[in-house]
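Here is a friendly walk through a protein model, told as questions and answers. Have the sequence and the 3D view open as you read.

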Amino acid sequence: MKRTLVISDIHGCFTPFNDLLALMKYNPGEDRLVLLGDFVDRGPRSREVVERVYQLVQKDGAIAIQGNHDERLVDVMLERSEQALMKFSGHGGRQTAESYAGIRQGPIQHVIERAKSVILERYPHHLTFLDGLPYYHEDEHFIYVHAGLNPNYPNWRQQPPRDFLYMKEPFLSRPTVVSKTVIFGHTKTIDIHGKPNIWFGDGKIGIDGGCSNGHQLNGLEITGPGRFKTFAVPWRP
Ligand SMILES: [Mn+2]
C-alpha cells in the first residue's frame, strides 16, 4: 500500500528535516509527502527549508499546507500588515530574516530591510509559493491541516482562514464533528501530553514535536486507516 508521510512545523530546522526524510526513506516516486506548514521562524535555516519544500512540491508532487508563520512572513515582506511586523520578531522572525539577509547582527529593522531586498531580488518565488499554499488537504480517511478544525462549524470548510492557521481551543479538548481523522501540527504535543512524541487522540493526531524549541521533528507514516508508524529525529543545528 502506498505510504503517506506527514511532517509538520519544520520551523527552519533544515538538518532535522533532511535527517527525517532519510530516516523515513522518503521515495518521491512512491510516497505521498504531506507537509503541514510553519516552514519558517525560530530555527536557523528557514531560507533553505522553504527552497527545499518548494522543490519537493514543484518536482516531486509533495503537498504543502500553509501555517500561521508562513502567512506572517509573506505579510511582513510584502508590507501588508503592520500587526504582522510587530509580532514577527517576537515569534522567531529574526532568525528567518537573518537566514535571508545573510547577517546575524544588527538592529532587527536593519536585518528585515536587508532580508526584504534579498527576497525580492533572488527569492520572489518563495513569497508567491508560501502565499498560495492551501489551508488543508484531504484524502479518503484523513483531513490534514496546520492548526485544527473549529467544531463550532458543522461544515469545516466554511471556518475562517484564521482557524485553519491558529486554532487551539475548542479543537484540542472537544470531539471533532467530522468522520475523518484530523492530522495537525501547530500545538506542540509536549503541551498536549507532556512529551514530544506524536499524540494519538480520538479522531485527531497531533504531530508537532517542537523541534525548533529543542525537542524533536516527528514523522507520521500512514498506510491505511489505523495503520501508523512513527519516526522522530532530535533537534540539531
Ligand atoms: Mn503554527
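Donors here are N, O and S atoms within 2.8 Å of the metal, and since water is not among the atoms, sites may look incomplete. Please keep in mind that this is a predicted model.

Q: Which protein residues are the donors of the manganese ion?
A: Let's start at the metal and look for donor atoms around it. They lie 2.1 to 2.2 Å from the manganese ion. The residues that supply them are Asp 38 (OD), Asn 68 (OD1), His 146 (NE2) and His 186 (ND1).

Q: What spacing do the donors of the manganese ion follow along the chain?
A: Reading along the chain, the donors of the manganese ion follow the pattern D-x29-N-x77-H-x39-H.  Asp 38 sits in the loop between strand S2 (32–35) and helix H2 (46–60), while Asn 68 belongs to helix H3 (residues 68–77), so this pair ties together parts that are 30 residues apart in sequence. The spacing asked for is D-x29-N-x77-H-x39-H.

Q: Are Asp 38 and Asn 68 buried or exposed?
A: The cut-off for burial is a relative accessible area under 20%. By that standard, both Asp 38 and Asn 68 are buried.

Q: Are the rings of Tyr 136 and Phe 164 stacked or edge-to-face?
A: This is one of 11 aromatic pairs in the structure. Planes under 30 degrees apart count as stacked. The ring centres of Tyr 136 and Phe 164 are 5.6 Å apart and their planes are at 25°, so the pair is stacked.

Q: How many residues apart in sequence are the parts that Tyr 136 and Phe 164 tie together?
A: Tyr 136 is partly exposed, at 30% relative accessible area, whereas Phe 164 is buried, at 3%. Tyr 136 lies in strand S4 (residues 136–138) and Phe 164 in helix H8 (residues 161–166), so the parts they tie together are apart in sequence by 28 residues.

Q: Which residue lies over the face of Tyr 166?
A: Two charged side chains are worth finding in your viewer. Lys 204 lies over the face of Phe 171, at 5.1 Å from the ring centre. Over the face of Tyr 166, at 4.2 Å from the ring centre, lies Arg 162.

Q: Which helix gives the largest share of the largest nonpolar core?
A: This core has 44 residues, and Ile 7, Phe 17, Leu 33, Phe 39 and Met 77 touch the most other members. Its largest share, five residues, comes from helix H6 (residues 108–122).

Definitions and conventions: Residues numbered from 1 in each chain as written. Predicted model: local features only at pLDDT ≥ 70, side-chain atom pairs only at ≥ 80, totals over all residues. Heavy atoms only, no water. Phe/Tyr/Trp six-rings, centres within 6.5 Å; stacked < 30°, edge-to-face > 60°. Helix = DSSP H or I, 4+ residues; strand = E, 2+ residues; numbered from the N terminus. Buried < 20%, exposed > 50% of the residue type's maximum accessible area, 1.4 Å probe, protein only. Lys NZ or Arg CZ within 6 Å of the ring centre and 35° of its normal. Donors = N, O, S within 2.8 Å, 3.2 Å for Na, K, Ca; no water. Core = buried A, V, L, I, M, F, W, Y, C linked by side-chain atoms within 4.5 Å.
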